Amino acid sequence: MADKQISLPAKLINGGIAGLIGVTCVFPIDLAKTRLQNQQNGSRLYTSMSDCLIKTIRSEGYFGMYRGAAVNLTLVTPEKAIKLAANDFFRHHLSKDGKLTLFKEMLAGCGAGTCQVIVTTPMEMLKIQLQDAGRIAAQRKLMPETVAAGTVETKSPTAMQLTRELLREKGIAGLYKGLGATLLRDVPFSIIYFPLFANLNNLGKRGVDGPAPFYVSFVAGCAAGSTAAVAVNPVDVIKTRLQSLNRGSTEDTYSGVTDCIRKILRNEGPSAFLKGAYCRALVIAPLFGIAQVVYFLGVGEFILSFLPKKDN
């Protein structure tokens with residue numbers, strides 16, 4: 001209902017817990033997505049998601065699939081919390097003046113996507129460097145012709161080392177490289193995802209005001225998430241390429257979004273914009289399905305119920 005009060009702290013807790021659970025489950029697929037998207041013609045090391053994961057385990061061990069997971073788990077909590085809570089916040093206030101129309105639902109999603117990039121951009125920047133380090137190392141061993149002559153093999157950097165290096169060389173702007181592409185990805189994603197999820201979830205509600213069963217929320221989250229993920233995958237490819245700092249000697253570098261689009265079209269063709277789409281759908285679908293189940297189960301509200309109430 002429009003006048004129902006929302007608990008922002010509870011929503012933030014729900015979003016954070018949902019993000020932690022979801023990322024833990026799907027991170028290896030996300031790693032494969034990043035490596036597949038970063039491959040360019042002439043330096044293709046992996047043929048598919050399964051091939052990427054198998055080669056990663058062989059060359060880096062099981063935990064190689066979790067490169068960058070610490071950064072993601074640390075920062076996905078505020079990122080998911082901001083995204084889900086902001087959408088609820090905007091929906092709540094936009095519905096005060098009457099029915100929540102599709103346009104208002106999209107507007108709420110737009111607001112949520114804009115808010116989340118504050119955390120998303122640095123998180124993605126660091127995560128991509130860590131995830132892609134194994135691909136560059138594997139290229140050095142298996143495809144030495146793609147690595148610049150005289151390049152010395154170095155140990156993969158840690159998240160803290162990368163952060164210090166970026167801050168020292170480029171300041172805070174270094175962590176926000178690819179901000180424009182991140183906005184172009186996350187805002188349309190949220191505009192598509194949140195209204196689609198809300199309408200799919202409403203189809204399974206018990207009665208007019210009754211909540212939907214948890215399995216309906218899960219399926220709705222998976223369906224809306226995978227649809228939105230594939231829709232914005234071309235921008236995700238651009239964002240991944242722009243935020244990758246290390247490249248092979250035969251791989252293109254990009255000065256911005258327009259330059260990236262032009263070079264991908266010229267050298268790899270339109271199909272390159274769909275690289276990793278399958279993996280991205282497999283990542284986002286369960287991630288948001290799990291998120292919505294945690295959200296609608298009211299885990300945050302349950303936790304806060306144990307805190308002492310302030311006397312009025």
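About 40 Å³ of space lies in the second largest cavity of this predicted model. Here a cavity is a set of points, on a 1 Å grid over the protein atoms alone, where a 1.4 Å probe fits but cannot get out. Grid points are joined across faces, edges and corners, and a volume is the space filled by probe spheres set on the points. The idea behind the method is simple: rolling a probe the size of a water molecule over the atoms shows where empty space is left. The lining of this second largest cavity is made up of I128, Q129, D132, A133, I136, S244, L245 and N246, where a lining residue has an atom within 4 Å of a point. Sorted by class, that lining has 4 nonpolar, 3 polar and 1 charged residues. In this sorting, Ala, Val, Leu, Ile, Met, Phe, Trp, Tyr, Cys and Pro count as nonpolar, Asp, Glu, Lys and Arg as charged, and the others, Gly among them, as polar.

A quick word on ground rules. Residues are numbered from 1 along each chain as its sequence is written. Since the model is predicted, local features need pLDDT of at least 70 and side-chain atom pairs count only at pLDDT 80 or more, while totals for chains, interfaces and linings use all residues; side-chain values use heavy atoms, with hydrogens and water left out.

Searching the whole structure turns up 2 cavities of 30 Å³ or more. The largest cavity has a volume of about 270 Å³. Its lining counts 23 residues, and K80, E124, R280, I284 and L287 are the ones that lie nearest the centre. Two or more lining residues come from each of α1 (8–38), α3 (69–94), α4 (102–142), α7 (179–202) and α11 (277–297). As for chemistry, the lining of the largest cavity splits into 10 nonpolar, 3 polar and 10 charged residues.

Stepping back to the whole chain, there are 12 helices and 0 strands. Helices (H or I, at least four residues) and strands (E, at least two) are DSSP runs, numbered from the N terminus. Read along the sequence, the pattern is therefore α-α-α-α-α-α-α-α-α-α-α-α. Of the 312 residues, 50% count as buried, with buried meaning under 20% relative accessible area, exposed over 50%, and partly exposed in between (1.4 Å probe, protein chains only). Among contacts in the chain with a separation of 6 or more, 81% come from residues 24 or more positions apart; contact means heavy atoms within 4.5 Å.

One helix pair shows how such contacts look up close. The axes of α1 and helix α9 (residues 233–243) come within 9 Å and cross at roughly 80°. Axes are lines fitted to C-alpha atoms, for helices over the stretch in contact, and angles run from 0 to 180 degrees between N-to-C directions. That makes α1 and α9 roughly perpendicular to each other, going by a scale on which angles under 35 degrees count as roughly parallel, over 145 as roughly antiparallel, 65 to 115 as roughly perpendicular and the rest as oblique. On the α1 side, K33, T34, Q37 and N38 meet N233, D236, V237, T240 and R241 in α9. By class, this contact has 1 nonpolar, 5 polar and 3 charged residues.

Helix α11 is home to C279, which is buried at 2% relative accessibility. Setting aside neighbours within four places in sequence, C279 is in contact with I29, A32, K33, L36 and M49. C279 and M49 sit 230 residues apart in sequence, yet 6.8 Å apart in space, C-alpha to C-alpha. I290 also lies in helix α11, and at 17% relative accessibility I290 counts as buried. With neighbours within four places left out, the contacts of I290 are A18, I21, G22, C25 and F218. From C-alpha to C-alpha, I290 and C222 are 8.3 Å apart in space, with their positions 68 residues apart in sequence.

Back in helix α1, T24 is partly exposed, with 43% relative accessibility. T24 touches Y66 and L73, not counting residues up to four places away in sequence. N72 is 48 residues from T24 in sequence and 9.3 Å from T24 in space, C-alpha to C-alpha. Finally, T163 lies in helix α5 (residues 159–170) and is buried, with a relative accessible area of 17%. Leaving aside neighbours within four places in sequence, T163 is in contact with L126 and L175.

How values were computed:
On a 1 Å grid over the protein atoms alone, a cavity is a set of points where a 1.4 Å probe fits but cannot get out, and a pocket is an open set with protein on both sides within 12 Å along at least five of seven lines; lining residues have an atom within 4 Å of a point.
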